[in-house]
Every structure is written in C-alpha cells, then in structure tokens.
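Biologist: Please take me closely through chain A, with its helix packing, its enclosed and open spaces and its backbone, and give the cut-offs behind each term as you go.

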Amino acid sequence: MSAAPGRAPVLQVRDLQAHFRTRYFGVDREVRAVDGVGFDVRRNEIYGLAGESSSGKTTLVKTIAGLLKPPLEMVGGSARFSFLPEWDAVGRAPPEVVRRIRWRHLSYIMQGSMNVLNPLRRIRHSFRDFAWRHIGGGKREFDARAAAHLERVRLDPSVLSAYPHELSGGMRQRVTIALATICKPDFIIADEPTTALDVVVQKDVLGMIRSIQREMESSILFITHDMGVHAALTDRLGIMYAGRLVEDGETPEIFGRPLHPYTRHLIASLPRIGDVEQREGLEGTPPNLAMPPPGCRFHPRCPLAMPLCATTVPAMVETLPGHRVACHAVNPGAAA
Amino acid sequence: MSALLELDKVSKSFSRGGLFSSRRVDAVKEVSFTLDDGRPEIFTVIGESGSGKSTLARMILGINAASSGQVRLAGRDVASYERRAFMAQVQPIFQNPFEAFNPLKRLDRYLFMTAERFGGAADRAAAEELADGALRQVGLSLAEVSGRFPHELSGGQLQRVAVARALVARPRLIVADEPVSMVDASLRMSIVNLFGRLRDELGLSIIYITHDLATAYYISDRLIIMQKGMVVEAGPARAVLSAPSHPYSRQLRDAVLTPDSAGAFRARHPLKAAATPGATP
C-alpha cells in the first residue's frame, strides 16, 4: 500500500472476517458476509466503499464500529484505529473504553435520519443526549455551541427547538450531520447518508459533508451503492463484491482505469445524459453468501473467467502504484 | 391516429386533517398528455418524491379516481370500464418486487391467475403456455420459476417475473412506477433494456416513472418533468434533457452525479496538505 508521507492511516483493516452464525432446529448456517477484507483509511480523506445490496458493506462497517450483535460475529482479522492503539478492534475493547471514544473520536451518519432523532424530543435534547457529556460545560454554553455548529450546515438556530417531524428530510439529514461532527471526531462512518434524499438535496448535503470534513481534517468511511456519488465525493474508493474487496485505489484512477472486470462493468453500465451508447446489464446474480462459489466469487459471472478462478481465491495485489486488484486475469500467478 | 391513453387536465387533491382543520393538498394539478395508438413509446414521468408522479400512476391505473379532469383509455373514461376488461389492457409494475409479491405464495400462482383472469386462458395448460411465453420474453422460463417462492429469487430476477406477470395479460400499456430503483446496479440495465425490447418487439407502450434522469435519457422517447403536482416541462426526452429550459429541470439535471462528474466536490475543497498522490490517467 503506498502510504503518502505525512498521512498516517487512522484505520487499518487487516483480513477482517465477520460471519452471521445461526442455528435453527439443529441446522448450523454460516453466512460469510465479510471475508478477508483489508484496507487503510488515512487522515483527512474520504474513503468510499461501493458495492451492490448484500455485498457486505454495512456488515463491514458495523464490524469496524464494534456494533456487533448476534448472530453477527467478528471471526478473525483486525480493524485498528490510531486513537485506540491498544485494541485490535473496537468490538474487542471493554465497554468503558468504547464509551470513552464513541462520538468523541468515532461517530456515525446513518441513512434514516428518523431512526437517529428521537421523534418525541426536540432537536436540542438530541444534541444534549449525544454530545454534552463529551464536550462538557454549562447547559447554556453547550446550547450556544450547538446553535453555532448548526450554522455550519446552514440551519437556523431555531431548529434546536423543533421536533424532527417539523423538518424536511434534507434538514433532518443535515441535523444528523451536525450531530455527528459537533465533537470534531477523528473518524466518521457514513452509511448511505444521502440515499433517501432527492437528487437536488443530495448534492447540497454531499457538498456540506465535504466542506466540514476538509475543515476538521477528519477521515470519513463513506458507503453508498451510487457510483456517481463516489466519483464526485471520495478520495479513494474500494469496490466490494460478495463480501470481499476486489479493487481499491484513488477514485479518479478507479474510474479512469478500472482493472477488475466487475468494476469495469459497474462503471461501463451507467448510462449518461448526452450519450446514447447501448449499455448492458450483467448476466447472472450476486451469489448467496451462505453458499458462495469457491475460488473467486465473481467467476460465475465473469467474462474473463479461467479454470483457476473456480478453485483459487485471487490475492489483493498492488498492480499499479496505489491501485490494488484481486483478479487472476489481471495479476497472473497471484493466489491468496 | 386514435389515442391509446389521454389525460385531459387531470387533477387530484386530498384533504388532510380532521373536521375542523382540514387542509386540501393538490397532489396533481391539471396534467394532460396523450399516447397515440399504433406508435408504441416509452413515456417517462420524472419528478422527486412528493411531486405527484405516483398519484398520477394510480389514476392512470384506475386505483384512484381523478378529482377533476378525465383519464381516457381508447376514448373511454377509465372509470366506465369493467375492472377486468380494463386490467387486461393496462398492467402495473411496482417499485419493490419483494413487496409486490406475497412471500408465502408461489410465483407461478401469480402468473396463472393473471393468465386466467386477464389473459383469456381457458384452462391450466393454456395458462402455463402463456406464462412460459411471457417468462421467455424476459429471459426466464416457467421451469426456472415454477414452484419457487419470492425469497428464492434475487431482486433483479423477481422484477423480471413482475414484468412477465404484466405481459401475461397481453396488455397494451404498462405503467411502471420506479421499476429499477430497488434492483442491483449490475442488473439494472437489463431491466431497462427489457423495456426497450418490449416497445420495439411487442409494440407495447410503457409509462416509466422515475427520478433517475440518466436511464430516462437512455430509454425514453418523450417525457414530462413534474414539480409539486404540475408539469413544468414536456417534450422529446433527449432534447429536453440535453437542453432543459425550466429552472427546475435545469436544477435537476445539474444535480445528477455521474462518473464523469468526477471530483465535483474534490475540486471545490482541495486538500490543504500535500496534493493527492496518484496521477489521473
């Protein structure tokens, strides 16, 4: 991995494995939702994760954030934050340590703002619930700080007295962004934060996330299936397929020179306004992760599949500087 | 040339609230357009959430009656049709195939029921033949679907079954409300291309309701752009989207993020520290 000088990783994920283990009527079932994922997120960058539904994006970030609930289990590997160097994953640290870093160092922006904001409490109280204990000070002082912070996402301080249902979807999502950033955390996890918003509002919210991130110099792990959003927003991009990372690199590099056949398809299949070229869908369907195909999980749908792909898992190899790919056709002779 | 579907100043308003403080909400205001018979096309309705596009679809399907104005199919008011005769000509496809199908019911039952009620199949053998023919149109077969439950298929396959179910009735018009927004990215274009084939090969007209301007540009012939229940711009799809004239259409067009908009936000907020390593090819 080509670490740029002076930009140490805030998050190092190595060979992370997270499985859903269920046991119904004596039948054990294991869904390997995240299987051997490794990447770095550096300081002051937005790292994007792209992939289709059920490719393991959300499971991956839940594992990284330590939000593990049965049947989800972290089976192996590590996800180490620079602000929590003594533990190799948030989920393995004791609860009092996690409480200390949560929101202060690690915060989240979720998809459904209605699920974050308590519908029965004014926005002011949500701010107090989330952030007061980390910031401290008097009640007035804290409220003034919350009001000042809301202005950064271009919301009027009167929003503090409103209930969530009185705000539009875009305003609510801006409130959750303000909530997630008021403590100036080192690391923010954003899971599909704009998917439920209309395109015009989405553009606004993305610009806001970008400017706050640059101002605070924090790192964001940004998840969405929308390749257009990744192209516009992220610095580096990882592509997930069926629980594994198949390619990652600088975002302009991934879009300009995609190497993995799946990435190439994802980018080539997007229609563009002003372009009438025929675009094709990909044959087949994403695999069932309870019974994933052996070898490379993409091989049943891959136009470049070779006999080797059905038996051996391709290793993630730095094919070009800073650009890693897991594919036998791109990297001959590299097995995991 | 006669008209297949005519909307004549169709409006729909809902009243909200109780006895003392009722408020009228105009969901759709005076929308008019005509689809010609004998000239199949994909007619797109674009708008963001709350713009009234789904309400419009429900009125075309005869699920809701218009508050004023008229929806006419082949010259007759939609409300005057006997329900079965109407459904044999106009069929819906919905956004989320997992919600459209009952999870406890086998998929082939839907196909057979549609064949018997609307497709004119006299017995089971005729229904099976119709179902198989429709499934083959969408790249599946009865053997693959027979006896399966919705959860056994992926979202893309299930949406294709939903299209096949609509085709079993041999309709003249399909109303598809956000048919690809729940379908995986790698499969989305196969559904969109399928609509193109249905138009070109079967001569079906399709009303394609979406908020995705890129697929609208790619597949549709004509479109209308709706805002707050009103049509703000209408015309040939590619001409309108290439050079939108209404401020709202322009705003929508400019907000579309594609791979070509790479760095739209990066450029405005460059790194303060060293420049991003790695060259753009």
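Modeller: I begin with the conventions and then go through helix packing, cavities, a pocket and one peptide bond.

This is a predicted model, in which local features need pLDDT of at least 70 and side-chain atom pairs count only at pLDDT 80 or more, whereas totals for chains, interfaces and linings use all residues. Residues are numbered from 1 along each chain as its sequence is written, chains are lettered from A and ligands numbered from 1 in the order in which they are written, and side-chain values use heavy atoms, with hydrogens and water left out.

In chain A, helix α4 (residues 123-135) and helix α6 (residues 169-181) have axes that come within 10 Å and cross at roughly 25°. Here helices (H or I, at least four residues) and strands (E, at least two) are DSSP runs numbered from the N terminus, while axes are lines fitted to C-alpha atoms, for helices over the stretch in contact, with angles from 0 to 180 degrees between N-to-C directions. The two helices α4(A) and α6(A) are therefore roughly parallel to each other (angles under 35 degrees count as roughly parallel, over 145 as roughly antiparallel, 65 to 115 as roughly perpendicular and the rest as oblique). Their crossing is right-handed, a term used if the near helix is turned clockwise from the far one by less than a right angle. From α4(A), the contact (heavy atoms within 4.5 Å) involves A:Ile123, A:Ser126, A:Phe127 and A:Phe130, and from α6(A) it involves A:Val175, A:Ala178 and A:Leu179. By class, this contact of α4(A) with α6(A) has six nonpolar residues, one polar residue and no charged residues (Ala, Val, Leu, Ile, Met, Phe, Trp, Tyr, Cys and Pro count as nonpolar, Asp, Glu, Lys and Arg as charged, and the others, Gly among them, as polar).

Turning to enclosed space, a search of the whole structure finds five cavities of 30 Å³ or more. On a 1 Å grid over the protein atoms alone, a cavity is a set of points where a 1.4 Å probe fits but cannot get out, a pocket is an open set with protein on both sides within 12 Å along at least five of seven lines, and lining residues have an atom within 4 Å of a point. A volume is the space filled by probe spheres set on the points, which are joined across faces, edges and corners.

The largest cavity holds about 60 Å³ of space, and its lining includes A:His260, A:His299, A:Cys309 and A:Pro314. That lining has seven nonpolar, three polar and no charged residues. The second largest cavity holds about 50 Å³; among the residues lining it are A:Glu52, A:Ser53, A:Tyr241 and A:Pro287, and its classes are six nonpolar, three polar and one charged.

As for open space, about 300 Å³ lies in the second largest pocket. This pocket is lined by 19 residues, of which A:Gly36, A:Arg244, A:Leu245, A:Val313 and A:Pro314 are the closest to its centre. Strands β2 (27-42) and β9 (244-250) of chain A are the elements that give two or more residues to this lining, and β2(A) provides the largest share, four residues. By class, the lining of this pocket has twelve nonpolar, three polar and four charged residues.

Finally, the backbone: a cis peptide bond joins A:Pro70 and A:Pro71, with omega about 5°. A:Pro71 is placed in the loop between α1 (57-65) and β4 (72-81) of chain A.
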